[in-house]
Amino acid sequence: MFEVAVKCVMKEPLTSRYLLILESKDSSFYIPINIGVFEAEAIYTALNRIKSPRPLTYDFFKGILNVIDDVDIDKITIYDVDGHVYKAKLEFAHNSKQCHVDCRPSDAIALGLRLNAPIFIEDDIVQKKKCVSKDCLQENEK
């Protein structure tokens, strides 16, 4: 399993789709994931510490989790990809019991950024070549 971090959120100029770019902690590869406009905005505001006058959806969920006793967010794991559809789970402990909730990576990351949760990606996804090697990018730039 590889630990990754959010590099950025960007809008593709040709298709107007939004991409979430994850970067491996060892800085060897990127993982681009298509996401929706609302999730892109939620991730962008968390990355840039932009405060809304009223809590947005992910801030609301963070508030709920903060007031529930004995809930500790352990990590986000992106565990599978089918075509261009990634699958993730939010892993947490509640009353000393390990639990997880299946979700979209964009939702987990939008919430996880607000809760300082680490993000991991399974080896299988990297092996399926769903990532972009930084070496490959550098070679193409030459």
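Partly exposed, as used in these legends, means a relative accessible area between the buried class, under 20%, and the exposed class, over 50%. S27 counts as partly exposed because its relative accessibility is 37%. The model shown in every view is predicted.

**Figure 1. Close-up of S27 in the loop between β2 and β3**. S27 is a residue other than glycine, yet its phi is positive, near 60 degrees. Most residues other than glycine have a negative phi. At 37% relative accessibility, S27 falls in the partly exposed class.

**Figure 2. Close-up of R49 in the loop between α1 and α2**. R49 comes just after α1 and takes a positive phi of about 55 degrees, although R49 is not a glycine. With a relative accessibility of 70%, R49 counts as exposed. R49 also belongs to the lining of the largest pocket, where it is among the residues that lie nearest the pocket centre.

**Figure 3. Close-up of the largest nonpolar core, which has 29 residues**. The residues with the most contacts inside this core are L20, L22, I31, I33, I43, I78 and I109. Helix α3, residues 105–115, gives the most to the core, with five residues. Leaving aside residues up to four places away in sequence, I78 touches L22, I33, Y86, K87, A88, P105, I119, F120, I121, E122 and I125. Two of these partners, L22 and I33, are themselves listed among the core residues with the most contacts.

**Figure 4. Close-up of helix α3 and the residue that follows it**. Nine of the 11 residues of α3 are buried, so the helix is largely enclosed by the rest of the structure. The buried residues of α3 are P105, S106, A108, I109, A110, L111, G112, R114 and L115. One of them, I109, is listed among the residues with the most contacts inside the largest nonpolar core. P105 is in contact with I78. R114 is among the residues nearest the centre of the largest pocket. After α3 comes N116, whose phi is positive, near 60 degrees.

**Figure 5. Close-up of helix α1 and the elements that cover it**. The buried residues in α1 include E39, A40, A42, I43 and T45. Covering for the buried residues of α1 comes from elements including β1, β2 (18–24), β3, α2 and α3. I43 is also one of the residues with the most contacts inside the largest nonpolar core. A42 of α1 and D59 are 17 residues apart in sequence, and their C-alpha atoms are 9.2 Å apart in space.

**Figure 6. Close-up of the largest pocket, with about 440 Å³ of space**. The lining of this pocket is made by 15 residues, and A46, R49, K51, D59 and R114 lie nearest its centre. The elements that give two or more residues to the lining are α1 (37–47), α2 (57–67) and α3. Of the elements, α1 gives the most, with three residues. D59 is found in helix α2 and is partly exposed, with a relative accessible area of 27%. R49, by contrast, counts as exposed, while R114 is buried.

**Figure 7. Close-up of the aromatic pair F2 and F29**. The structure holds two aromatic pairs. The ring centres of F2 and F29 are 5.3 Å apart and the ring planes stand at 85 degrees, so the pair is edge-to-face. This pair links distant parts of the chain, since F2 is in strand β1 (residues 2–11) and F29 in strand β3 (residues 29–35), 27 residues apart. F2 is partly exposed, at a relative accessible area of 28%, whereas F29 is buried, at 5%.

**Figure 8. Close-up of the aromatic pair F60 and F61**. The rings have their centres 5.8 Å apart and their planes at 40 degrees, so the pair is tilted. F60 counts as partly exposed, at 49% relative accessibility. F61 is partly exposed as well, with a relative accessible area of 39%.

**Figure 9. Close-ups of two lysines that lie over aromatic rings**. K75 lies over the face of F120, at 5.3 Å from the ring centre. F120 is also one of the residues that I78 touches. K89 lies over the face of Y79, at 5.6 Å from the ring centre.

How values were computed
Residues are numbered from 1 along each chain as its sequence is written. This is a predicted model: local features need pLDDT of at least 70, side-chain atom pairs count only at pLDDT 80 or more; totals for chains, interfaces and linings use all residues. Side-chain values use heavy atoms; hydrogens and water are left out. A nonpolar core is a set of buried Ala, Val, Leu, Ile, Met, Phe, Trp, Tyr and Cys residues joined through side-chain atoms within 4.5 Å. Buried means under 20% relative accessible area, exposed over 50%, partly exposed in between (1.4 Å probe, protein chains only). Helices (H or I, at least four residues) and strands (E, at least two) are DSSP runs, numbered from the N terminus. Contact means heavy atoms within 4.5 Å. Rings of Phe, Tyr and Trp (its six-membered ring) pair if their centres lie within 6.5 Å; planes under 30 degrees apart count as stacked, over 60 as edge-to-face and the rest as tilted. A charge sits over a ring if NZ of Lys or CZ of Arg is within 6 Å of the ring centre and within 35 degrees of the ring normal. On a 1 Å grid over the protein atoms alone, a cavity is a set of points where a 1.4 Å probe fits but cannot get out, and a pocket is an open set with protein on both sides within 12 Å along at least five of seven lines; lining residues have an atom within 4 Å of a point. Grid points are joined across faces, edges and corners, and a volume is the space filled by probe spheres set on the points.
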